Amino acid sequence: MKSADRNGPGRRSFRLRAAVAAGLGLVLLAGGQAQAESRFAVIPKQIIYPGEELDASHLEEVPVTNPNLVEGYASSIDEIAGLVSKRTLLPGRVILTSALREQFAVQRGSAVRLVFNNGPMTITAGGSPLQDAAIGDFIKVRNTDSGIVVSGTVMADGTVHVVAK
């Protein structure tokens, strides 16, 4: 087979259609036909202020019509329902996942239980977090009995597991 046969006009035409389809966010089907990719984005139906929990009834999924829309936006309501907004979200604007956070498991100044494990020995004490934190966050907590500030990880049950120095 000659080089001209492999790269003939039909082959170049197919490559051109593929490049155009890729640039427009289209999927190229067998036979060289292009079909639009169905992408969706989540937008709020009303203003959502910082600190508010995202409720599915206040959100809407819409098809993405802008091929230049950057990645990092929420594409389904299920993936962000229950999260909390870090900034004001406006109606009709896509919701970036960087603008959301998990619910806080402990609030600054509230009472928490400090837990320290060292082999078979477990020590517990009362504490007061010095910052808001979600599950898995590493925070500083003041021991309410001694006044000493310790560091630990927030657990799902609301306790803080203290690390040894």
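Start by selecting residues 40-44 and 59-63: these are strand 3 and strand 4, and they pair in the antiparallel sense over 5 bridges. Strands here are DSSP runs of E with at least two residues, while helices are runs of H or I with at least four, all numbered from the N terminus. Two strands pair if DSSP finds at least two bridges between them. Click on A41 and look across to strand 4, where its bridge partner is V62.

Before moving on, know that this is a predicted model: local features need pLDDT of at least 70, side-chain atom pairs count only at pLDDT 80 or more, and totals for chains, interfaces and linings use all residues. Residues are numbered from 1 along each chain as its sequence is written, and side-chain values use heavy atoms, with hydrogens and water left out.

**Stay on strand 3**

Of the 5 residues in strand 3, 4 are buried, so the strand is mostly covered. Buried means under 20% relative accessible area, exposed means over 50%, and partly exposed is in between (1.4 Å probe, protein chains only).

**Zoom out**

Now show the whole protein chain, which has 3 helices and 11 strands. Follow the elements from the N terminus and you pass α-α-β-β-β-β-α-β-β-β-β-β-β-β. The chain has 165 residues, and 26% of them count as buried. About 10600 Å² of the chain is exposed, with carbon and sulfur atoms supplying 53% of that area (Shrake-Rupley method, 1.4 Å probe; for residues, only the protein chains shown count as cover). Among contacts between residues at least 6 apart in sequence, 39% join residues at least 24 apart. Contact means heavy atoms within 4.5 Å.

**Into the cores**

Next, select V42, I48, L54, L59, A74, I77, I80, L83, L89, I95, A99 and L100. These 12 residues make up the largest nonpolar core. A nonpolar core is a set of buried Ala, Val, Leu, Ile, Met, Phe, Trp, Tyr and Cys residues joined through side-chain atoms within 4.5 Å. There is also a second, separate core of 10 residues, which includes V112, V150, V154 and V162.

Go back to I48 and check what surrounds it. Not counting residues up to four places away in sequence, I48 touches L54, L59, S85, R87, T88 and L89.

**A glycine at the outside**

Is G92 buried or exposed? G92 counts as exposed because its relative accessibility is 53%. You'll find this glycine in the loop between strand 5 (84-85) and strand 6 (100-101). Draw a line from its C-alpha to that of I43: the two residues are 49 apart along the chain, yet these atoms are separated by 5.5 Å. Leaving aside neighbours within four places in sequence, G92 is in contact with I43 and P44.

**A charge over a ring**

Select R101 and F104. The charged end of R101 sits over the ring of F104, 3.8 Å from its centre. To qualify, NZ of Lys or CZ of Arg must be within 6 Å of the ring centre and within 35 degrees of the ring normal.

**The hairpin**

Move on to strand 7 (residues 112-118) and strand 8, which pair in the antiparallel sense over 7 bridges. V115 stands opposite T124 in strand 8. The two strands form a hairpin with 2 residues between them, and G119 in the turn has a positive phi of about 65°.

On to the next pairing: strand 8 and strand 9 run antiparallel and are joined by 3 bridges. Pick G127 and you can find its bridge partner, N143, in strand 9.

While you are in strand 8, stop at P129. P129 counts as buried because its relative accessibility is 2%. Its C-alpha is 7.2 Å from that of V112, 17 residues away in sequence. Beyond its neighbours within four places in sequence, P129 has contacts including V106, Q107, R108, I139 and V141.

**Two alanines in a loop**

For the last stop, select A133, in the loop between strand 8 (121-129) and strand 9 (138-143). A134 is found in the loop between these strands too.

Why does A133 count as buried? Its relative accessibility is 0%, which means it counts as buried. A134 counts as buried because its value is 8%.

Which residues does A133 contact, leaving aside neighbours within four places in sequence? They are F104, A105, V106, I139 and V154. The C-alpha atoms of A133 and V154 are separated by 7.2 Å, with their positions 21 residues apart along the chain counted as the sequence separation. With the neighbours within four places again left aside, A134 is in contact with E102, Q103, F104, A105 and V154. Measure from the C-alpha of A134 to that of Q103 and you should get 6.1 Å, for residues 31 apart along the chain.
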